[in-house]
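Subject: Structure handed over, with notes

Dear colleague,

Here is the structure I said I would pass on to you. Please open it alongside this message, since the notes below follow it part by part.

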Amino acid sequence: MGGTVAYSRLIVLVLLFEVFITALIVAGYYYGFSVYPYVSSSSSVSLIEAGAAGWETRTESFHAKLPLYMPSLQDLKAGYTSLQRGEPLWGAASVLVSAAVLVLQSFVRGMFLGGVRGWVVDRRVAPFWANGRRYFSEMLAWSIIQFLAGVLMLFLSAVFFPLGLLLLVVMMIYSITPYFMVLQDVTLGDALAKAPGMFRRYFGAMLPLALIAMLCTFAISLTRMMPAPYGYAVPLLLHSSIGTLLIVALMFTLASNLKKDGDSIPKLQPVVTSHNRLIAIIHVLLIPTLVAGGVYASSGKHLTLFDSVRKPTYEGIMSRSNFSDVFYASEQRYTAYEWRSEDYKLDMKLPELGNGRQPDELRGIADIVWEIDEEVRTTSGNTTSIWVEPMKRKSRILYRLVRHGSNDGSVYYSSDNGYAAILPGDEKPREPLFVRIFVDGNGENVFVLKYSARLESSALNRVSADGRFLIPGTSPLNPMDVHSYWFAKHHEPDAIFDMLAAKNLESYMPTLNRSQIALAVALQEGDGRMVVDLLDMLQKHEIQVKSPDWDAEEWTAQLRDLYKGAEVGTLLQYLTKAGEQFGYAELQDFESSNEAVDVFRMDVPFPNGNILITYSLSKEDGLMKSITLVA
């Protein structure tokens, strides 16, 4: 009974600390701090972490390691949350929280190793609190040494990599120091003095255990690839239980060899805790309870407990880019959108912005109704059909937006040290999704960008120079998987045209090839500046241009008049033609063609009329010779 109680208590202690770290990491995404070294995606962090790593080998698909001092998901490089990972943050809050975690970790390690010692040496269920106090100062000093060694290792690796590797070997030799502090109840200085000799002496005895431990952690690390929440729960449960046994085995190996060599292992007389059957049952029941608590914390749902404010509703429209005709014609320099106007909604609480009221951060939980691409399966006899279909779903988004400057004021991003993530719910996306949020400085426009986690986001995070609009570019890989939702109290046609004009400041036509397509798109989008720029480019290349003699403002006014009176849904249907493939029919005019040129006609439709583009192409080289616009 005593062994069962001791073992289950150790597992419970490990789970308590891991669940605490999980909740703290997710809270850091929301409140704006990072918990080091429990962050990833940074090579510097990984190197600092290596100072405390112990004996480890790893690839991107698996990890094998001998856990030291106390099992941790960090040993497996397993994620502490299924949410979208945030950027590592530096600042006073991160330093203070990480320092506090280092102190707490030192205390908990003393509790854990003291509990292992009580089981191995004293055959007692040792009191955790007493052991934590007994070994705290020495464990804290050792943790600081590890951290400083990691920083030094980072520096040496940057200067000359073999020096960093040498320091890693040195730290591995001294890695058994805390075990001697606990086993022989000596100071850190005495344990450091003994560690190299003891490591050489007992290396042969520890090597088989190290190999077994690495094999175990290798097998456990494979479970990280399980779908959420099992990719968190299964490694947590297995590693906390098996890792504890491995550390107990290491402590037993060291204790046995010390006794064999005649070294003293003092008998401590702690207050023995009760270990009746009821206590043992409670400890066993706590294990699945804590794992479930960890899953709940890793999902971020614990933060929704404080989300009780009333949120105003914003109406939404959705745009997405595609491999459109203008995208190919412009050598991927011109982005155009397809639009949809469905019952998209966003419930989001924003403070009063503008008039000098601009906080540094906005944070909260938003409720959004949007489309999620989900797999649909049907079975008929021995045949199973699978296809992807957009489903209307309601999701919750955890966000922290950081204020940045623009030409005309402030804007708020979830990128650039901010954060946004979809909280797990009823949706079942066919692949992991990332999300970004942008709010203009007045709080009038909210953009939510949803895209596949496998896509590179640098081309997507474009914001207009005036800070009013999110204007994502076209992803070179599956652009249809990138959806931009635009939410506002009311969508006005003028704002949509302004957004397209701002988008076109980032677009251009680098070639004359199929420039009539870019001209049609600019006309369709009501962007007089782009129309004038394209016509000027054609004239500079000695192409005969016939069009109304209007400047950019006049073109803009005339084009927008062609949409006058149209509702937003109708407006978007026409604008969608600009972002489609084969959106404009190019019909050859055989009567006007001759031996030298082929003449084509192309209509650009509007709610209140159309514009006819007529152009001629040389039969000899296919180059444009003339173009005529009839409004």
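Where I write that one residue touches another, contact means heavy atoms within 4.5 Å. Please also keep in mind throughout that this is a predicted model.

With that in hand, tyrosine 179 touches Pro67, Leu68, Tyr69, Leu113, Ile247, Leu250, Met251 and Leu254, leaving aside residues up to four places away in sequence. Tyr179 and Phe112 are the residues that touch the most other members of the largest nonpolar core, which has 83 residues. The elements that give two or more residues to this core are helices H1 (2–31), H3 (92–122), H4 (128–159), H6 (177–183), H7 (188–221), H8 (230–260) and H9 (277–298), together with strand E8 (419–423). Of these, H1 provides the largest share, at 15 residues. Because domain 1 (1–42 + 80–305) and domain 2 (307–491) both give residues to this core, the core lies between them. Apart from it lies another core, of 64 residues, which includes Ala336, Leu455, Ile496 and Leu523.

Helix H1 also holds alanine 23, and with a relative accessible area of 24% this alanine is partly exposed. Not counting residues up to four places away in sequence, alanine 23 touches Ala297 and His302. The C-alpha atom of alanine 23 is separated by 26 Å from that of leucine 245, which is 222 residues apart from it along the chain.

Turning to a loop, serine 464 lies between strand E10 (445–452) and strand E11 (483–488). Is serine 464 buried or exposed? Its relative accessibility is 6%, so serine 464 counts as buried, given that the cut-off for buried is under 20%. The side chain of serine 464 is joined to that of aspartate 466 by a polar contact of 2.7 Å, and, again without residues up to four places away in sequence, serine 464 touches Phe469, Ile471 and Ala502.

Further along the chain come three strands that are best read together. Strand E14 (residues 597–606) pairs with strand E15 (residues 609–618) in the antiparallel sense over 10 bridges, and these two strands form a hairpin with two residues between them. Within that pairing, aspartate 603 stands opposite leucine 612 of E15. E15 is in turn joined by six bridges to strand E16 (residues 624–630), and those two also run antiparallel, with threonine 614 opposite threonine 628 in E16. The hairpin of E15 and E16 has five residues between the strands, and there glycine 622 takes a positive phi near 75 degrees.

These strands bring us to helix H14 (residues 552–561), whose buried residues are Trp555, Thr556 and Leu559. Why do they sit on the same side of H14? They cover an arc of only 100 degrees around the axis, which puts them on that one side. What covers the buried residues of H14 includes E14, E15 and E16, as well as helix H12 (515–524) and helix H13 (528–540). At the N-terminal end, H14 is capped by aspartate 551, of which a side-chain oxygen lies 3.3 Å from the backbone nitrogen of glutamate 553.

With best wishes

Definitions and conventions:
Residues numbered from 1 in each chain as written. Predicted model: local features only at pLDDT ≥ 70, side-chain atom pairs only at ≥ 80, totals over all residues. Heavy atoms only, no water. Helix = DSSP H or I, 4+ residues; strand = E, 2+ residues; numbered from the N terminus. Buried < 20%, exposed > 50% of the residue type's maximum accessible area, 1.4 Å probe, protein only. Polar contact = N/O pair within 3.5 Å; in protein donor to acceptor, adjacent residues only side chain to side chain. Pairing = 2+ DSSP bridges. Core = buried A, V, L, I, M, F, W, Y, C linked by side-chain atoms within 4.5 Å. Domains from an automatic or database assignment. Arc of directions from axis to C-beta.
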